[in-house]
Amino acid sequence: MALDTTTQTRIDLIAVADLVREGARVLDVGCGEGELLELLRDRRQVDGRGVEISQAGVNACVARGLSVVQGDADRDLGDYPDDSFDYVILSQTIQATRNPREVLGQMKRIGRRVVVSFPNFGHWKIRLQLLLSGRMPVTRTLADEWYDTPNIHLCTVRDFLDLCEAENLAIEKALMLAGDTSWTEHNPGTRANLRAEQAVFLLYRK
Amino acid sequence: MSAAAGAHTGATPQDPRLEAPEARLETVTFGPDKPLRLDSGENLSPVTLAYNTYGELNADKSNAVLICHALTMDQHVANAHPQTDKPGWWLRMVGPGRTIDTNRFFVICPNVIGGCQGSSGPTETNPKTGNPYGLDFPVITIADMVRSQAMLLDHLGVETLFCAIGGSMGGMQVLEWASAYPERVFSAIPMATAARHSAQNIAFHEVGRQAIMADPDWHGGTYLDHGTRPTKGLSVARMAAHITYLSETALFRKFDRNLQDRDTLTYDFGAPDFQIESYLRHQGMTFVDRFDANSYLYITRAMDYFDLAAAHGGVLANAFKGTKTRFCVVSFTSDWHYPTAYNKQIVHALIAAGANVSFVEIETDKGHDAFLLDEPVMDDTLAGFIASAARQRGLV
C-alpha cells in the first residue's frame with residue numbers, strides 16, 4: 001500500500017506468495033489493484049478473493065478477472081464465516097488500518113493461516129534518520145511525509161511480535177527483507193529488527 | 001435525448017453505427033401437460049413465452065447467456081423494436097464483439113410473464129372466456145417469472161447457463177435464478193438491484209398503480225373489452241417512475257429550471273412552463289404506445305412482493321448457501337432507486353454464504369438508468385468478469 005517502488009513490491013509479494021500452498025483458498029485484505037492475487041493465481045493456482053477499500057482498485061481487480069469486493073478491513077471482515085479460507089493475507093496494509101489488533105483478530109478467525117507483511121519501523125536507517133534529523137523518517141518503503149501518509153499505525157518487528165503474543169498467534173515462519181535480499185529468522189531479535197526493511201510473518205492460532 | 005434518458009424510457013441514445021446482431025423472434029407455448037406452478041398457489045396454463053435469441057448454442061451447450069429485462073423493457077434487447085422501430089435497449093452491451101459477444105455466446109432474452117410483448121399476461125386471451133385476461137390473470141412473482149424461464153431453458157435444451165445478467169428487476173430475476181437453480185447458473189451478474197423491495201420503492205409503485213386505477217378508462221381492468229385504454233393513468237405512472245430512474249444531478253444538468261419554448265412564466269396550467277415538465281409528459285405519452293396498463297400493475301406487484309430473505313427464513317445468506325455460482329454485483333453511485341447500500345446487502349449475504357463474489361460500484365451521475373448507458377468502467381469490469389468466468393467454464 002505504502003510502497004512506491006516496483007522492485008520492492010515484487011520482492012515483498014514474491015516472499016508472501018512463497019508462503020502460500022498451491023491450490024489454497026486465499027483472502028487478500030487490502031489487495032490494491034490485485035498484483036498479489038494475480039501472482040498467487042498464476043504461480044500458486046490459488047482460489048483467491050480480495051477486499052479493497054478504493055473503488056478504483058476494486059474495479060481494476062475485477063477487470064483483471066479477480067474476485068474482489070469493495071470493503072474496509074476495519075469494518076467489513078465480520079461477514080466472512082469462520083475458517084472459510086486457508087490463508088488470510090494482509091500485505092503492506094496493517095499499518096494503514098485504524099485498529100490493527102481487531103483486524104488481526106478477524107483474520108485469525110476467518111483463516112487457518114494468517115500472513116502479514118509490513119514495513120519495519122525498527123530498521124537502523126529509520127532510527128538513525130530520526131536521531132540525526134529530528135524529523136519523521138522518509139524512506140524507500142515509507143515514502144510519504146507524516147501529514148499525508150496513510151500509515152497511521154507503524155510498528156517495528158519487535159512491536160509486531162508483542163501483538164502476536166497478545167493475540168495468541170504463533171509464528172510458523174518469519175521472513176526478513178532488506179534491499180534485494182531476504183532471509184528466514186527462527187527467532188527474530190534485535191539484529192533482525194535493525195536489519196529488516198520489511199518483514200513477512202506466517203502465523204497460526206495457538 | 002441525451003444522458004438523462006435511459007432505455008427505461010425506450011429512448012436510449014444508441015450509437016447509430018452499432019450493428020444489431022441477427023435476432024430470432026420466437027414463441028413457445030407449454031400446454032396443459034406443463035402448467036406453471038405459481039407462488040399464489042394457482043396453476044397457469046397454457047403458458048406462453050415470447051423470447052429472442054442471438055448467436056449460436058455451442059455443441060457442449062455451455063455458452064448460453066440469459067438476459068433478464070427490467071420492469072418496462074422486453075425481449076428486444078439487441079434488435080429494433082417491432083412496434084417502435086427503436087434500437088434494442090441494450091444494443092451497446094449485446095452484439096458481435098461487444099461485452100456480451102453474440103459471436104461467442106448464445107443469448108436468450110425472454111419477455112417476462114405478466115408482460116405485454118407476447119408472453120402470457122393480462123392482455124392475452126383467457127382460454128376460459130375467450131376475452132383478454134385483464135385482472136383475471138393470476139398475480140405473479142419474480143420466482144414465477146424465473147420458473148417459467150427454467151421451462152424455456154428445458155425447451156431449448158440448455159441445462160446450465162454460462163451467465164444470467166440483468167439490471168433492476170432483471171437483477172432480481174438473476175438473484176432468484178441463482179438461489180432457486182444454483183446448479184444451473186455458472187455466473188451471475190445482478191446490477192442496480194435489491195434482494196428485497198424497500199418501502200420507498202413500493203411507495204413509488206403504489207402511486208403508479210393508483211394513477212392507472214383512477215383513470216376512468218381503466219374500467220376495473222376490463223378496458224380492452226370496452227375498446228379503451230387508460231393512457232392518462234399509465235402516463236402519470238410512467239412520469240412518477242421515470243423520476244426515480246434519474247439522479248438529481250442529471251436532472252439539474254439537463255433541465256435545471258429552464259423554460260420550455262418561452263421566456264416568461266405562463267401563470268397557467270396548460271402548456272408546460274418548464275422543460276422538465278415537457279420531458280416527463282413526452283416520456284408518459286410515448287410509453288403508453290408500447291406498454292399495457294394492466295401489465296404495469298402485475299409487474300410492479302411482482303417486484304413489490306420480492307423479498308429473497310423472507311423466502312429463506314429471514315436470512316438472505318441462506319438463499320445462497322453452498323452456491324458455486326460466481327457473482328459480480330454492480331451498483332452506481334447516483335442510483336437512489338436501488339442504491340449501493342441495497343446491492344451491498346446482497347454482497348454481504350454472498351460473503352457470509354462463502355460465495356465467490358465481486359462487487360463494483362460505478363462512479364456516475366446518471367442515476368439508476370446508468371446500467372443501460374455509456375459507462376466505460378462498467379464495460380471494463382463486466383468484460384473482465386465475463387472473460388475470467390469464460391476461462392473457468394472452458395469457453396476460450
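Contact here means heavy atoms within 4.5 Å. This is a predicted model, where local features need pLDDT of at least 70, side-chain atom pairs count only at pLDDT 80 or more, and totals for chains, interfaces and linings use all residues. Residues are numbered from 1 along each chain as its sequence is written, chains are lettered from A and ligands numbered from 1 in the order in which they are written, and side-chain values use heavy atoms, with hydrogens and water left out.

**Exercise 1.** Work out the surroundings of Ser187(B).

*Solution.* Start with the address: Ser187(B) sits in strand S10 (residues 185–191) of chain B; strands (E, at least two residues) and helices (H or I, at least four) are DSSP runs, numbered from the N terminus. Next, check burial: the relative accessible area of Ser187(B) is 0%, so Ser187(B) is buried (under 20%; exposed is over 50%, partly exposed in between, with a 1.4 Å probe and protein chains only). Now list the partners. Leaving aside neighbours within four places in sequence, Ser187(B) touches Leu161(B), Phe162(B), Cys163(B), Ala164(B), Thr325(B), Arg326(B), Phe385(B) and Ala389(B). One of these gets a closer look: a polar atom of the Ser187(B) side chain lies 2.7 Å from the backbone oxygen of Phe162(B).

**Exercise 2.** Describe how helix H3 of chain A packs on helix H10 of chain B.

*Solution.* Take the geometry first: H3 (residues 55–63) and H10 (residues 376–392) pack at about 40°, with axes 6 Å apart. Axes are lines fitted to C-alpha atoms over the stretch in contact, and angles run from 0 to 180 degrees between N-to-C directions. The two helices are therefore oblique to each other (under 35 degrees is roughly parallel, over 145 roughly antiparallel, 65 to 115 roughly perpendicular, the rest oblique). Then name the residues: H3(A) brings Asn59(A), Val62(A) and Ala63(A), while H10(B) brings Val377(B), Asp380(B), Thr381(B), Gly384(B) and Phe385(B).

**Exercise 3.** Classify the ring pair Phe160(A) and Phe201(A), then place it in the chain.

*Solution.* Begin with the rule: rings of Phe, Tyr and Trp (its six-membered ring) pair if their centres lie within 6.5 Å, with planes under 30 degrees apart counting as stacked, over 60 as edge-to-face and the rest as tilted. Over all chains, that gives 18 aromatic pairs. Phe160(A) and Phe201(A) are 5.1 Å centre to centre with 35° between the planes, a tilted pair. Now place them: Phe160(A) is in helix H6 (residues 157–166) and Phe201(A) in strand S8 (residues 198–205) of chain A, 41 residues apart. Both are buried. Finally, Phe118(A) joins Phe160(A) and Phe201(A) in one aromatic cluster.

Terms used:
Polar contact = N/O pair within 3.5 Å; in protein donor to acceptor, adjacent residues only side chain to side chain.
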